[in-house]
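These are my notebook entries on a structure I looked through for its empty spaces, its ligand surroundings and a few local details. I wrote them in the order in which I looked things up.

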Amino acid sequence: MIKTVATTPYDDQKPGTSGLRKKVPHFQRPNYVENFVQSIFDSLEGFEGKTLVIGGDGRYFNREVIQIALKMAAAAGFGKAMVGQGGILSTPAASNVIRKYGAFGGIILSASHNPGGPTEDFGIKYNTGNGGPAPEKITDAIYARTRTITEYRVLDAPDLDLDAISTLALGSMRVEVIDPVADYAELMESLFDFPALKAMFAGGFRMAFDAMSAVTGPYATEILENRLGAARGTVRNGTPLPDFGGHHPDPNLVHARELHDVMMEENAPDFGAASDGDGDRNLIIGRGIFVTPSDSLALLAANAHMAPGYAAGLAGIARSMPTSGAADRVAEKLGINLYETPTGWKFFGNLLDAGLATICGEESAGTGSNHVREKDGLWAVLLWLNILAVRKQSVRAIAKEHWETYGRNYYARHDYEGIDSAAANGLVDALRARLATLPGTTLSGLVVAAADDFAYHDPVDGSTSANQGIRVLFEGGSRVVFRLSGTGTSGATLRVYIERYEADPAKLAQATEVALADLISAAETLAEISSRTGRTAPDVIT
Ligand code: G16
């Protein structure tokens with residue numbers, strides 16, 4: 001029986017950079033989940049009898065919300081739901097399932113790299129039939145609906161057992177509980193030279209992969225250890241836990257410190273990598289060398305043709321605006337287009353669908369390609385492995401050669417977390433007000449060449465997204481970028497992105513903080529960070 005339940009709107013259900021993210025107790029308010037899920041369905045058309053994919057990263061509250069979403073999908077008229085066993089589907093695996101089975105769309109439950117647990121973070125986002133995050137047109141419609149919603153519909157039925165692979169019935173909707181790993185592993189096998197990778201591991205190649213007690217554990221264990229023959233124990237923290245073992249499942253140098261330290265030892269493995277809560281981010285560390293996500297994008301793009309799935313070359317490369325310009329130089333050399341988009345994987349969707357870009361990447365540890373419509377942590381790891389198997393060089397040697405060929409984009413991101421929202425907005429507003437007068441002025445010895453608030457004009461659908469980050473470009477190709485994060489759940493997070501391009505062969509091996517010192521001080525002066533936020537140092541540097 002379908003129940004119609006009266007409800008009242010919440011005023012804070014605006015999806016951010018990647019869906020709706022809030023603390024778990026916030027999501028547990030009466031009808032909070034139901035309002036949002038119903039608003040998603042109310043914003044879509046033509047799904048009657050079609051398939052909805054549902055899965056999440058296994059974090060606390062995942063199981064409860066999946067049951068609610070299933071009963072509401074049945075009440076809304078979906079014909080079939082596909083759910084990962086145990087409610088598990090990594091974000092890239094969910095994207096693949098949507099595409100492979102021609103689903104109408106999918107609901108992904110994750111707050112990505114944010115911590116999990118009864119008082120930590122949860123998230124819900126909707127992906128469309130191309131497998132990618134819903135574009136702004138849809139997220140705006142969902143938000144508008146959350147402001148006017150008066151009722152939701154739900155099937156009155158007991159919870160389903162999602163722990164065994166099976167086909168179940170929920171009212172007139174069929175529910176297929178699927179193996180979350182199989183389709184994804186098959187896709188990876190179609191893109192990369194598994195026999196060459198197997199041979200490399202059999203030859204003694206050593207790797208450390210930190211799954212951070214999050215969703216990639218089962219995927220990495222199946223692919224790296226079972227299929228490619230990497231030594232048992234290659235995958236660390238491989239069991240997904242609802243609270244990620246109490247850690248932030250964020251693959252950066254702060255939260256993946258243990259892996260970093262292992263990789264800096266003299267007898268370190270050949271290759272180190274980590275992934276985040278929902279499996280779409282990656283961290284790449286060679287023996288004794290961390291590769292920034294921006295450099296990783298450039299390196300992968302320059303060498304992608306070595307993997308069978310990309311042997312035909314790349315159509316184009318896309319990167320988010322704050323990501324360094326390292327990939328731009330690769331695109332130039334390859335004679336292909338480089339697209340600069342706002343932060344948010346959703347902006348790559350049109351470029352990938354139109355065949356304009358093959359590889360995409362972001363400074364926030366996301367890299368991916370046209371194989372799905374999400375960034376993909378394990379994909380990046382496997383492409384790196386494929387390149388290492390072909391080039392038979394160390395990560396350090398490959399990075400060094402790359403910088404010698406293209407020059408090096410020194411890069412860092414400084415995050416000021418949990419700052420007062422009004423102070424953060426004030427800082428951005430003040431910067432925005434000064435943009436027109438900045439060109440020609442000198443800061444910490446650097447001359448401002450241009451300054452603007454980034455606006456993106458989508459070349460495929462013609463839409464415009466304004467106010468996507470303040471850019472201050474200096475003469476010589478260095479820059480600082482300021483923007484507020486769209487994924488935090490408490491206060492505001494100010495991100496300052498700092499980049500210097502260096503082509504002088506004698507200056508390619510500097511410490512990043514040394515290479516960026518004058519720009520860091522210019523950013524502080526310009527944005528008045530300490531006086532406006534009360535912070536004298538960033539919380540996280542990546
Ligand atoms: C999400 C988006 C990414 C974005 C990142 C950081 O990643 O999908 O495109 O770069 O957030 O966004 P912000 O700087 O606004 O916090 P994820 O891995 O959190 O889904």
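Entry 1, the second largest cavity. I began with the elements around this space, and I found that strand 6 (121–128) and helix 5 (136–146) each supply at least two residues of its lining. I note here that I am working with a predicted model. Strand 6 gives the most to this lining, with four residues. The second largest cavity has a volume of about 110 Å³, and it is lined by 16 residues, among which Gly 19, Lys 125, Tyr 126, Ala 134 and Thr 139 lie nearest its centre. Sorted by class, the lining of the second largest cavity holds eight nonpolar, six polar and two charged residues.

Entry 2, the largest cavity. I then asked how many cavities of 30 Å³ or more a search of the whole structure finds. The search returned four. The largest cavity has a volume of about 250 Å³, and of the 25 residues that line the largest cavity, Thr 17, Arg 281, Ser 364, Lys 375 and Thr 487 are the closest to its centre. When I divided the lining of the largest cavity by class, I got three nonpolar, nine polar and 13 charged residues.

Entry 3, the largest pocket. I turned next to open space, and I recorded about 1,100 Å³ in the largest pocket. Of the 42 residues that line the largest pocket, the closest to its centre are Gly 16, Thr 17, Leu 484, Ser 485 and Gly 486. Several elements each supply at least two residues of this lining, namely strand 2 (20–23), helix 5, helix 15 (421–434), strand 25 (479–484) and strand 26 (492–502). Which of them gives the most to the lining of the largest pocket? I found that helix 15 does, with five residues. By class, I wrote down ten nonpolar, 20 polar and twelve charged residues for the lining of the largest pocket.

Entry 4, the ligand. I listed 19 residues around the ligand, of which Glu 362, Arg 483, Ser 485, Thr 487 and Arg 495 come nearest. I then looked up individual polar contacts with oxygen atoms of the ligand. A side-chain N or O atom of Glu 362 is 2.6 Å from a ligand oxygen atom, and for Gly 486 a backbone N or O atom lies 2.6 Å from an oxygen atom of the ligand. Arg 21 has a polar side-chain atom 2.9 Å from an oxygen atom of the ligand.

Entry 5, strands 17 and 18. I followed the chain through strand 17 (residues 359–362), which pairs with strand 18 in the antiparallel sense over four bridges. Gly 368 in strand 18 is the bridge partner of Cys 360. The hairpin of these two strands has three residues between the strands, and Ala 365 takes a positive phi near 70° there. I also asked whether the faces of strand 18 (residues 366–369) are covered or not, and I found both covered, with Gly 366 and Gly 368 buried on one side and Thr 367 and Ser 369 buried on the other. In a regular strand the side chains alternate between the two faces of the sheet.

Entry 6, Gln 468. I closed with a residue in the loop between strand 23 (464–465) and strand 24 (470–474), where Gln 468 has its place. Is Gln 468 buried or exposed? Its relative accessible area is 15%, so I entered Gln 468 as buried, the cut-off being under 20%. The side chain of Gln 468 reaches the backbone oxygen of Ala 466 at 3.2 Å.

Conventions:
Residues are numbered from 1 along each chain as its sequence is written. This is a predicted model: local features need pLDDT of at least 70, side-chain atom pairs count only at pLDDT 80 or more; totals for chains, interfaces and linings use all residues. Side-chain values use heavy atoms; hydrogens and water are left out. Buried means under 20% relative accessible area, exposed over 50%, partly exposed in between (1.4 Å probe, protein chains only). Two strands pair if DSSP finds at least two bridges between them. On a 1 Å grid over the protein atoms alone, a cavity is a set of points where a 1.4 Å probe fits but cannot get out, and a pocket is an open set with protein on both sides within 12 Å along at least five of seven lines; lining residues have an atom within 4 Å of a point. Grid points are joined across faces, edges and corners, and a volume is the space filled by probe spheres set on the points. Ala, Val, Leu, Ile, Met, Phe, Trp, Tyr, Cys and Pro count as nonpolar, Asp, Glu, Lys and Arg as charged, and the others, Gly among them, as polar. A residue is near a molecule or strand if one of its heavy atoms lies within 4 Å of it. A polar contact is a pair of N or O atoms within 3.5 Å; within protein, one must be able to donate a hydrogen and the other to accept it, and residues adjacent in sequence count only if both atoms are side-chain atoms.
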